[in-house]
Amino acid sequence: MSNEHQEPDDEDNDDQATSLDPKIAHHSTYIDETKRILQAYTESESYDELERMVVEDNILNKNTDEYRTNILREVTRRHIPSKEDYTETPLMRVLSADVRSDVADWCLYYEFAQDPFIRLITIEFLYPEFQRGTLSIQAEDIVTFIKSIKDDYADLRDRSDSTINEAATKYLTSLRNFGLLEGRQRKEFAVTYIPDETIAYVVYRLFDEEAASASDVIEHDDWKLFLMDESEVQRRIRDISPQYINYEKRGSTERLRMKHDTVDKLIDAF
């Protein structure tokens with residue numbers, strides 16, 4: 001998972017550029033389609049079979065082969081690690097398990113928001129605005145932020161104003177579709193409650209990826225994707241103990257232990 005955004009040196013610009021492409025904000029979130037595609041993939045355990053089911057069998061009930069192919073390509077880019085070898089990701093396991101729809105939706109949002117473009121704007125711009133008490137966000141606000149950082153990223157530096165405007169609009173629409181924002185022209189911060197299961201999912205994912213201690217988990221930037229500050233994260237982690245984790249805080253010492261060996265076993269316990 002990405003680290004906190006830092007101002008890059010000139011020699012790092014090309015590396016930064018390859019990871020901050022705004023194209024993800026140009027597409028629909030495809031929430032329902034993503035669920036169906038990843039469920040079908042786990043059932044078939046074959047990308048070729050999945051492609052046949054989407055394009056030929058039209059399991060998405062879309063009008064044209066081109067549209068079906070485009071959706072499959074976008075979902076594949078976001079969520080399927082390899083076309084050659086079947087790999088079941090934690091998100092696939094969530095979507096194929098018998099879990100509540102709100103749990104699945106927020107886990108899907110978490111993985112969607114790992115895209116570097118979505119992640120950076122949410123953590124570096126949207127979260128601070130939320131913390132400041134800003135009531136609403138408009139596309140112009142996102143455009144201003146993107147333009148303020150575009151010189152740091154070759155991928156953004158070469159984008160036209162119309163492309164940046166579209167990316168800003170689609171970014172806000174994406175977060176509205178997932179329920180973090182609400183409203184049409186002027187997006188307001190929605191009142192949200194992230195399910196306990198999703199909190200546990202994120203904790204386990206952080207441990208799987210890089211977090212080595214309780215403080216690593218609680219202080220991780222990924223929680224800002226849910227607009228959660230450190231104190232709220234601590235409270236929510238306490239809420240899921242001891243059902244999914246064991247969390248203890250004595251003075252300045254915090255201990256966090258997983259009750260399941262893997263995130264897959266956690267999901268099976270939902």
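# Helix packing, strands and ring pairs in a predicted model

The axes of helix α2 (residues 31-44) and helix α4 (residues 65-79) come within 10 Å of each other, crossing at roughly 75 degrees. An angle from 65 to 115 degrees counts as roughly perpendicular, and α2 and α4 are therefore roughly perpendicular to each other. On the α2 side, E33, T34, I37 and L38 take part in the contact, and they meet I71, L72, V75 and H79 of α4. By residue class, the contact of α2 with α4 holds five nonpolar, two polar and one charged. As with everything below, these values come from a predicted model.

A second helix pair has another geometry. Helix α6 (residues 101-112) packs against helix α10 (residues 161-178) at an angle of about 155 degrees, and the two axes are 10 Å apart. Angles over 145 degrees count as roughly antiparallel, so α6 is roughly antiparallel to α10. From α6, the residues D105, W106, L108, Y109 and F112 meet S174, L175 and F178 in α10. The contact of α6 with α10 divides into six nonpolar residues, one polar and one charged.

Several residues of this α6 and α10 contact reappear among the aromatic pairs. W106, Y109 and F112 from α6 meet residues of α10 that include F178. Ring pairs link W106, Y109, Y110, F112, F178, Y201, W223 and F226 into a cluster. With ring centres required to lie within 6.5 Å, the count comes to twelve aromatic pairs. A pair of aromatic rings is described by the distance of the centres and the angle of the planes. For F130 and F189 the centres are 5.1 Å apart and the planes stand at 65 degrees, so the pair is edge-to-face. Planes over 60 degrees apart fall in that class. F130 belongs to helix α7 (residues 116-132) and F189 to strand β3, so this pair ties together parts that are 59 residues apart in sequence. What is the exposure of each ring's residue, F130 and F189? F130 has a relative accessibility of 31% and therefore counts as partly exposed, whereas F189 is buried, with a relative accessible area of 12%.

F189 leads on to the sheet that contains β3. Three strands form an open sheet in the order β1-β3-β2, and the pairing is antiparallel. The edge strands are β1 (136-137) and β2 (181-182), each of which pairs on one side only. β2 is joined to strand β3 (residues 187-189) by two bridges, and these strands run antiparallel. One of the residues concerned is L181, whose bridge partner in β3 is F189. F189 thus has a backbone partner in L181 and a ring partner in F130.

Another pair of strands lies further along the chain. Strand β4 (residues 245-250) and strand β5 (residues 253-258) are paired in the antiparallel sense over six bridges. R250 stands opposite T253 in β5. The two strands form a hairpin with two residues between them, and G251 in the turn has a positive phi of about 65 degrees. The loop that precedes β4 contains P242, since it runs between α13 (230-239) and β4. The peptide bond from S241 to P242 is cis, with omega near 10 degrees.

Backbone values of this kind can be set against a general background. Most residues other than glycine have a negative phi, and most peptide bonds are trans. Which residues of the loop between α3 and α4 depart from the negative sign of phi? N58 has a positive phi, near 55 degrees, and N61 also has a positive one, near 60 degrees. N58 lies in the loop between α3 (47-55) and α4, and N61 is found in that loop too. N58 is partly exposed, with a relative accessible area of 22%, while N61, at 65% relative accessibility, counts as exposed.

The last residue to look at is L206, which sits in helix α11 (residues 196-209). Is L206 buried or exposed? Its relative accessible area is 0%, so L206 is buried. The C-alpha atoms of L206 and V263 are separated by 10.0 Å, and the two residues are 57 residues apart along the chain.

Technical notes. Residues are numbered from 1 along each chain as its sequence is written. This is a predicted model: local features need pLDDT of at least 70, side-chain atom pairs count only at pLDDT 80 or more; totals for chains, interfaces and linings use all residues. Side-chain values use heavy atoms; hydrogens and water are left out. Two strands pair if DSSP finds at least two bridges between them. Helices (H or I, at least four residues) and strands (E, at least two) are DSSP runs, numbered from the N terminus. Axes are lines fitted to C-alpha atoms, for helices over the stretch in contact, and angles run from 0 to 180 degrees between N-to-C directions. Angles under 35 degrees count as roughly parallel, over 145 as roughly antiparallel, 65 to 115 as roughly perpendicular and the rest as oblique. Contact means heavy atoms within 4.5 Å. Ala, Val, Leu, Ile, Met, Phe, Trp, Tyr, Cys and Pro count as nonpolar, Asp, Glu, Lys and Arg as charged, and the others, Gly among them, as polar. Rings of Phe, Tyr and Trp (its six-membered ring) pair if their centres lie within 6.5 Å; planes under 30 degrees apart count as stacked, over 60 as edge-to-face and the rest as tilted. Buried means under 20% relative accessible area, exposed over 50%, partly exposed in between (1.4 Å probe, protein chains only).
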